[in-house]
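Let's take a walk through a protein chain together. Have the structure open beside you and follow along.

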Amino acid sequence: MRGEVTCSIRIWKHPRVKVGHRYRLGEGYVKVNSIRQIELADVTPTLARRSGFAGVVDLLKMAKHGAGENVYLIEFVYERAGKARPPQLPDG
């Protein structure tokens with residue numbers, strides 16, 4: 001929420017967020033700016049630190065959700081509630 005983390009790595013079967021949508025976090029929202037599929041080899045120590053982790057191993061422990069094998073890089077910004085439009089909630 002301080003703006004220090006601006007991306008996330010997720011390992012899913014398919015994307016679970018949509019570009020342009022906002023998702024509640026604390027008193028504001030995370031707005032997804034981009035999502036793209038990358039290779040596991042693209043996950044570097046620098047990318048892990050940008051994602052808020054000390055290293056790649058720590059990031060990968062949190063990135064895997066379910067049986068998925070596709071690696072996604074999600075870029076986002078945090079918007080405080082007073083500055084954000086009403087949220088766009090994910091489809092059903």
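The paragraphs below go from the overall layout to the sheet, the cores and two individual residues.

A word on the ground rules: this is a predicted model, in which local features need pLDDT of at least 70 and side-chain atom pairs count only at pLDDT 80 or more, while totals for chains, interfaces and linings use all residues. Residues are numbered from 1 along each chain as its sequence is written, and side-chain values use heavy atoms, with hydrogens and water left out.

Start with the overall layout. The chain has two helices and four strands, where helices (H or I, at least four residues) and strands (E, at least two) are DSSP runs numbered from the N terminus. Read from that end, the elements follow the order β-β-β-α-α-β. Of the 92 residues in the chain, 33% are buried; buried means under 20% relative accessible area, exposed means over 50%, and partly exposed lies in between (1.4 Å probe, protein chains only). The chain exposes about 6,100 Å², with carbon and sulfur atoms supplying 54% of that area (Shrake-Rupley method, 1.4 Å probe; for residues, only the protein chains shown count as cover).

Now look at the sheet. Its four strands are arranged as β1-β4-β3-β2, open and with antiparallel pairing; two strands pair if DSSP finds at least two bridges between them. Because β1 (7-12) and β2 (22-25) stand at the edges with a single partner strand each, one side of each has no neighbour in the sheet. On average, neighbouring strands are turned by 40 degrees against each other, direction ignored (axes are lines fitted to C-alpha atoms, for helices over the stretch in contact, and angles run from 0 to 180 degrees between N-to-C directions).

At one edge, six bridges join β1 to β4 (residues 70-80), and Trp 12 stands opposite Asn 70 in β4. At the other, four bridges connect β2 with β3 (residues 28-38), and Leu 25 has Gly 28 as its bridge partner. The hairpin of β2 and β3 has two residues between the strands, and there Gly 26 takes a positive phi near 60 degrees.

What fills the interior? In soluble globular proteins, nonpolar side chains tend to be buried together. Here the largest nonpolar core has eleven residues, among them Cys 7, Ile 9, Leu 47, Leu 59 and Leu 73; such a core is a set of buried Ala, Val, Leu, Ile, Met, Phe, Trp, Tyr and Cys residues joined through side-chain atoms within 4.5 Å. At least two residues come from each of β1, α1 (45-50), α2 (56-63) and β4, and β1 gives the most, with three. A second, separate core of nine residues includes Trp 12, Val 17, Tyr 23 and Val 30.

Ser 51 sits in the loop between α1 and α2. At 8% relative accessibility, Ser 51 counts as buried. The side chain of Ser 51 reaches the backbone oxygen of Leu 47 at 3.0 Å. Beyond its neighbours within four places in sequence, Ser 51 is in contact (heavy atoms within 4.5 Å) with Val 5, Cys 7, Ser 8, Ile 9 and Leu 59.

Finally, find Thr 6, in the segment before β1. Thr 6 is partly exposed, at 28% relative accessibility. The C-alpha atoms of Thr 6 and Val 77 are separated by 5.9 Å, although these residues are 71 apart along the chain.

Definitions and conventions: Polar contact = N/O pair within 3.5 Å; in protein donor to acceptor, adjacent residues only side chain to side chain.
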